[in-house]
Amino acid sequence: MKGKVRMIIVLCLLCLVSCSSQKEVSVITTASVIEKEGQTESSAELEAAGEEEYTAVLYLDDETYYEVILKKGSVIQVLNKEGYQFEGYYTDTDVAYVGADGKVIRTYYGVEPLQLYPKFLPLDFTISFFQGGRETGISKLVCSYDKNLMEVLPFGEILGSECVVGFQDASGAVVIDSGREECYLKEIKHLADMEKRELTLEIVKTAISFQDSRMDTYEVSDKGFFRQKLHVKGKAYDRFFMEEVDIQALKNLGYQSAEIELSCLIQEVDTGDQYIRVYAEEASDKKAECIMESGKITDMEQEEEKRYTMTASVPIEKLESRELYIYYNAGGFGKDDWVSRGLTISVVFVK
């Protein structure tokens with residue numbers, strides 16, 4: 001009877017071995033895969049080092065996997081894949097247990113065998129540039145995986161009257177801007193197709209020029225500084241807001257100054273002097289610092305309408321508020337009235 005029981009047990013074991021071989025499981029012993037400083041270590045030596053061994057299953061693909069014994073500090077064989085760089089073995093929740101050099105960097109304390117998957121990153125990839133969901137005329141780039149993207153991305157390239165200052169993801173969140181010094185693919189890999197080795201970036205732009213005009217009529221009277229009578233707005237100034245211009249981004253890209261041109265139609269009502277001053281913020285008195293001024297405008301004939309133009313170059317820092325305030329004044333004795341009918345202002349940023 002005992003002989004029959006032993007025979008049954010042996011047959012069962014043989015069946016188990018046969019089933020395992022059908023699954024193509026390749027079990028590699030610790031001594032065959034674990035190396036440290038070029039030397040093979042035994043299990044006893046590993047235990048003596050103070051780190052615990054653990055069993056891991058290394059998946060090469062969905063059907064091929066190997067069971068190994070790992071220990072923190074040991075080294076296993078790395079993998080090669082054409083066109084890609086091996087990054088190590090990770091869990092399905094992206095926790096690294098084996099580094100790119102094959103070194104085991106973490107101890108595992110679970111009960112079940114640890115399942116690990118190889119991670120590969122492309123050695124190079126193709127970058128395409130889109131604007132409003134459509135590909136732009138900016139040429140595609142082929143860039144190595146470990147290249148600093150800030151050195152190759154087309155920051156500052158002009159698209160019409162606008163300038164490339166950054167790149168955003170599908171939600172509109174900016175992922176790279178011109179103010180960064182370094183950015184690598186691993187930081188934005190969620191935007192890349194690692195299998196096709198492609199990266200698509202949506203362009204973020206800012207205007208490099210600004211132009212606006214006013215068609216209002218202003219009557220300027222000599223009633224004290226900044227006290228002109230306005231027919232339409234009821235304030236002592238014209239205000240222009242350069243909403244689409246990102247001054248800091250332009251500074252990051254090397255833009256250093258702004259060329260400002262102001263042009264208006266003016267007509268003298270009573271003999272006297274006229275003044276136009278431009279400020280970067282609302283001014284309360286003539287002691288405020290202006291960024292450009294006309295000086296005395298005296299060469300006008302009464303009842304004759306004339307277009308007056310003034311220009312100035314100012315450091316870009318002076319426009320960080322992105323606001324321009326234009327004040328009209330009159331000076332001298334008597335009424336010294338004059339009117340302004342229509343004004344145009346333009347700002348062009350230059351490097």
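Here are four short exercises on this predicted model, each with a worked solution.

**Exercise 1. Decide which stretch of the chain to read with caution.**

Solution. Start with the overall score: the protein chain averages a pLDDT of 81, and 79% of the residues score at least 70. Next, look at the elements. Strand β7 (residues 96-98) has the highest mean pLDDT, 96, while strand β1 (residues 26-27) has the lowest, 34. Then turn to residues 1-48, where pLDDT stays under 50. Where pLDDT is low, the predicted coordinates should not be read in detail. The model does have 46 contacts beyond four places in sequence for residues 1-48, so please treat those with care, since low pLDDT argues against a detailed reading.

**Exercise 2. Work out the surroundings of R214: is this arginine buried or exposed, and what does its side chain reach?**

Solution. First place the residue: R214 lies in strand β17 (residues 209-220). Its relative accessible area is 13%. Because the cut-off for buried is under 20%, R214 counts as buried. Now follow the side chain, which reaches the backbone oxygen of R239 at 2.5 Å. Finally, check for charged partners: R214 is linked with D212 and D238 in a network of salt bridges.

**Exercise 3. Take the salt bridges E323–R239 and K205–E162, and find which parts of the chain each one links.**

Solution. Begin with the total, which is 12 salt bridges in the structure. In the pair of E323 and R239, the N to O distance is 2.6 Å. E323 lies in strand β24 (residues 323-331) and R239 in strand β19 (residues 238-241), so the bridge ties together parts 84 residues apart in sequence. At 18% relative accessibility E323 is buried, whereas R239, at 35%, is partly exposed.

Now repeat the steps for K205 and E162, whose closest N and O atoms are 2.8 Å apart. Here strand β16 (residues 198-207) supplies K205 and strand β13 (residues 162-168) supplies E162, with the two positions 43 residues apart in sequence. Both ends are partly exposed: K205 at 31% and E162 at 28%.

**Exercise 4. Describe the nonpolar cores, using F349 as your way in.**

Solution. The largest nonpolar core has 67 residues, and F349 is one of those with the most contacts inside it, along with I176, I276, L319, L324 and I326. Next, list partners of F349 beyond four places in sequence: among them are I208, M242, V245, I247, L250 and L319. A second, separate core has 16 residues, including L58, F86, V98 and F120.

Methods
Residues are numbered from 1 along each chain as its sequence is written. This is a predicted model: local features need pLDDT of at least 70, side-chain atom pairs count only at pLDDT 80 or more; totals for chains, interfaces and linings use all residues. Side-chain values use heavy atoms; hydrogens and water are left out. Helices (H or I, at least four residues) and strands (E, at least two) are DSSP runs, numbered from the N terminus. Buried means under 20% relative accessible area, exposed over 50%, partly exposed in between (1.4 Å probe, protein chains only). A polar contact is a pair of N or O atoms within 3.5 Å; within protein, one must be able to donate a hydrogen and the other to accept it, and residues adjacent in sequence count only if both atoms are side-chain atoms. A nonpolar core is a set of buried Ala, Val, Leu, Ile, Met, Phe, Trp, Tyr and Cys residues joined through side-chain atoms within 4.5 Å. Contact means heavy atoms within 4.5 Å. pLDDT is the predictor's confidence in each residue, from 0 to 100. A salt bridge is a side-chain nitrogen of Lys or Arg within 4 Å of a carboxyl oxygen of Asp or Glu.
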